[in-house]
2 protein chains.
Amino acid sequence: MHEDLRRNNLATLVRHLHFSGPLTRSQLAARTGLNRSTVGALVGELASVSLVSESAPEPQGAAGRPSLLVSLSAQRVWALAVEIRPDALAVARVGLGGQVHETLSQRRDWKAGLTPVAAVGTIGRLARELMSRAPAGSQLVGAAVAVPGIVRRSDGFVHLAPNLLWHDVPLGHLVSKRLPVLSDVLVANEADLGALAESSRGAAVGCKHVIYISGDAGVGGGILVDGSLLAGRSGYAGEVGHMKVNPDGHRCRCGGRGCWESEIGAAAVLRRAGRRATDVPAAVARVISDARAGDPVAMQAVRETGRWVGRGAANLINIFNPDVVVFGGALRNLFLVAEPVITRELRRQVLPQAGTEATVVAAGLGAGSVLVGAAELAFSDFLVSPKTAVAAGV
Amino acid sequence: MHEDLRRNNLATLVRHLHFSGPLTRSQLAARTGLNRSTVGALVGELASVSLVSESAPEPQGAAGRPSLLVSLSAQRVWALAVEIRPDALAVARVGLGGQVHETLSQRRDWKAGLTPVAAVGTIGRLARELMSRAPAGSQLVGAAVAVPGIVRRSDGFVHLAPNLLWHDVPLGHLVSKRLPVLSDVLVANEADLGALAESSRGAAVGCKHVIYISGDAGVGGGILVDGSLLAGRSGYAGEVGHMKVNPDGHRCRCGGRGCWESEIGAAAVLRRAGRRATDVPAAVARVISDARAGDPVAMQAVRETGRWVGRGAANLINIFNPDVVVFGGALRNLFLVAEPVITRELRRQVLPQAGTEATVVAAGLGAGSVLVGAAELAFSDFLVSPKTAVAAGV
């Protein structure tokens, strides 16, 4: 019992440092409710396995001896974060504390399609390269994969990833086999992971009601209700991209017509700009930069897309009364150039009560929300019992 | 401490009888985890204040002496449930156990409007009449009001009820003043209360993910996520009626255009049937019965409305992955005649995973969901400490 308590206290300390960054012993005592001598003993114990170190903070010009700051040893423990997108595969080494140390990625021809076997092969190769480059003495404690699709969390089974053209793929199993060093590779929906990352250390810190909308090829939603991810009966919730908003709209990859995704996704931007491309994400980025530079057709395409972004976001605000709506992925770039149009349309469509309460922002972690979220998921087991995990050399 | 425990056990027993109906002592023991002698003592204590009675069940033809059934004395304790609708005010005496004993209502001319003062006056008059007719020895233990609008639960403040044309009405305060016998009249959104009632004792019993859609003049949603009402940051969540589904649609009372409400509400049904009416709900009911009788224009109006019902419900299924979608209020009647059209359109628009999991049904409590839900809310304090409340003669 005493041993359990000590283990919990160690874990609590590590979690505070993980989510808040370096803290003094006094701050740790205040935030955890533990007394200073307990905090001192715990810090010592964590230092003995090189999980934390103490150092003097940057001089602040104040009088008196500065308190030492307890910091996680960012390179000591890391997670392998994987992001599968139609146009690219990325693997990252993310340190405890959420810092992305290194990312390896491989761009792909979106139109060429991507088989699960090919994806897993590339992930395996990139991951091994990343692992071989990790500093000596560092320890990999978990891995997680973000997928733009409908995922069963328990075993990482991908029911459907329309923009990858994947159907019933046992991805967790496939990746775990390819990376035998890891016992259990977790798989989750990319927008759910974006929401997790943004609420842990991005634009939605401190918010309990969060709508994270990611839009690359597809449009997905990660939704926090009262601090918990909205999963629904079987984890299929959050498919905001397939909210029908336009009965006269274009055919969507899901088979429906006039989905939000077919009004604000990459294909819609290119269609409105009158462009065709094989490298779709690059072409979308070009439309956005052309709009910023004043190209009238590109501006018109961005504006029209922005109006649809605002309409759909208004629906979600009316339904969820959130604290914040966060735009991630390619929608983040669109938001940054079309914010006035998006918010004007949104304000026009939203009910006043919920509307005035919701802030609408770009993802605070930039393009990295999903990878950071995957690392967050990969760290979750470690954070329950960090010292045991390190001692066991996971 | 011992006293607290006993009080909790009494409350647990009463809650089981309230939600499940009559149970034998053995069943009570099995469901509460208490031993039989404790259950016996508690039943005796509740019987001493006439909250429960024991009686032989209907003969079942089986051998042996039948177990006695413990039942709540349905007339002993009751709640005052109030429903405010644009076309009618209703007050009901609802017994512990959820049975509606008596309802008094007053129909109104919807178009004439209804001021808060007039509504509260009528509610007061109807409530006093109902109270005077309650059986001798019965006890009123709580009151709650259902409103088709956006309500702050803490004090019953109605921010906006568009179909009543109400804005910033301190309804909880007004009704409490008018019914001085009650210390605290609760106010809640009608769709939230419908969801509560249907999941407690209607078509969604045992479901944790429930979407209840009520549609009379307006269209509201009461949504249970993992067993809890979706409230959002300030209780404004659930405004599914103002989900924009048709950019070319009609102007809505909220000021927007093409809201789901303006496609499936009463006005839409009449518009499609080419009818005008002052008594809107009666006229809608007539369109539905004419459709059932084969009138082609009415059938067409019902079918077209049904398609929009299906489209919006599909959006909600994609977003929430619920166990069940329940149609209440006037939408229940529409559902009963247009079910094939609604489900066909819904299946066409929904993603397969969430779609196959969600059942779509009419409210199990008929037109009474909202009143029963209001009673449920009114009973909530009583159910925490039933014997104390009865002994104190609330």
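**Figure 1. The largest nonpolar core of the predicted model, with Ala374(A) and Ala374(B) as the residues that have the most contacts inside it.** This core comprises 266 residues. In soluble globular proteins, nonpolar side chains tend to be buried together. Leaving aside residues up to four places away in sequence, Ala374(B) touches Ala81(B), Val82(B) and Glu83(B). Its further contacts are Ala144(B), Val145(B), Ala146(B) and Leu193(B).

**Figure 2. The open sheet β6-β5-β4-β7-β11 of chain B and the helices that pack on it.** The sheet has five strands in mixed pairing. Its edges are formed by β6 (100-107) and β11 (185-189) of chain B; each has a single partner strand, so one side of each is left without a neighbour in the sheet. From one strand to the next, the twist averages 20°. Strands β4 (residues 77-84) and β5 (residues 88-95) of chain B are joined by seven bridges in the antiparallel sense, and Ala79(B) stands opposite Val94(B) in β5(B). Helix α5 (residues 171-178) of chain B packs on the sheet through β7 (139-147) and β11 of chain B, at about 145° to the direction of β11(B). Helix α13 (residues 369-384) of chain B lies across β4, β5, β6, β7 and β11 of chain B and runs at about 130° to β7(B).

**Figure 3. Strand β3 (residues 69-72) of chain B and its pairing with β1(B) and β2(B).** In a regular strand the side chains alternate between the two faces of the sheet. Along β3(B), Val70(B) and Leu72(B) point to one face and are buried, whereas Leu69(B) and Ser71(B) point to the other and are not buried. Strand β1 (residues 23-24) of chain B pairs with β3(B) in the antiparallel sense over two bridges; Thr24(B) has Leu69(B) as its bridge partner. Strand β2 (residues 52-55) of chain B is also antiparallel to β3(B), with four bridges, and Ser53(B) stands opposite Ser71(B).

**Figure 4. The open sheet β14-β13-β12-β15-β16 of chain A, with α10(A) lying across four of its strands.** Pairing within this sheet of five strands is mixed. The edge strands are β14 (228-229) and β16 (359-362) of chain A, each with a single partner strand, so one side of each is left without a neighbour in the sheet. Strand β13 (residues 219-225) of chain A pairs with β14(A) in the antiparallel sense over two bridges, with Val225(A) opposite Ser228(A). Helix α10(A) lies across β12 (210-215), β13, β15 (324-328) and β16 of chain A, and its direction makes about 145° with β15(A).

**Figure 5. Helix α5 (residues 171-178) of chain A and its surroundings.** The buried residues of this helix are Leu171(A), Gly172(A), Leu174(A), Val175(A) and Ser176(A). Among the elements of chain A that cover these residues are the helix α4 (116-132) and the strands β7 (139-147), β9, β10 (166-169) and β11 (185-189).

**Figure 6. Two loop residues of chain A with positive phi, Leu165(A) and Asn321(A).** Most residues other than glycine have a negative phi, and most peptide bonds are trans. Leu165(A), in the loop between β9 and β10 of chain A, has a positive phi of about 60°. Because it has 12 C-beta neighbours inside 10 Å, Leu165(A) counts as exposed. Asn321(A) is found in the loop between α10 and β15 of chain A, and its phi is near 45°. Because it has 25 C-beta neighbours inside 10 Å, Asn321(A) counts as buried.

**Figure 7. The interface between chain A and chain B.** Contacts join 36 residues of chain A to 36 residues of chain B. In chain A, β9 (157-161), α10 (296-320) and α12 (352-357) each supply at least two residues of the side that touches chain B. Helix α10(A) gives the most to this side, with six residues. By class, the side of chain A that touches chain B has 17 nonpolar, 13 polar and six charged residues.

**Figure 8. The rotation axis that relates chain A to chain B.** A turn of 180° with a shift of 0.0 Å along the axis lays chain A on chain B with an RMSD of 0.0 Å. That is the relation of a two-fold axis. The same surface serves both copies, as 100% of the contact residues of chain A recur in chain B. Val245(A) comes closest to the axis of the residues of chain A, with its C-alpha at 2.3 Å.

Terms used
Residues numbered from 1 in each chain as written. Chains lettered and ligands numbered in written order. Predicted model: local features only at pLDDT ≥ 70, side-chain atom pairs only at ≥ 80, totals over all residues. Contact = placed C-beta atoms within 7 Å. Nonpolar A, V, L, I, M, F, W, Y, C, P; charged D, E, K, R; others polar. Pairing = 2+ DSSP bridges. Axes fitted to C-alpha atoms, helices over the stretch in contact; angles between N-to-C directions. Least-squares fit on C-alpha atoms with pLDDT ≥ 70 in both. Buried ≥ 20, exposed ≤ 12 C-beta atoms within 10 Å, placed from the backbone. Core = buried A, V, L, I, M, F, W, Y, C linked by C-beta atoms within 7 Å.
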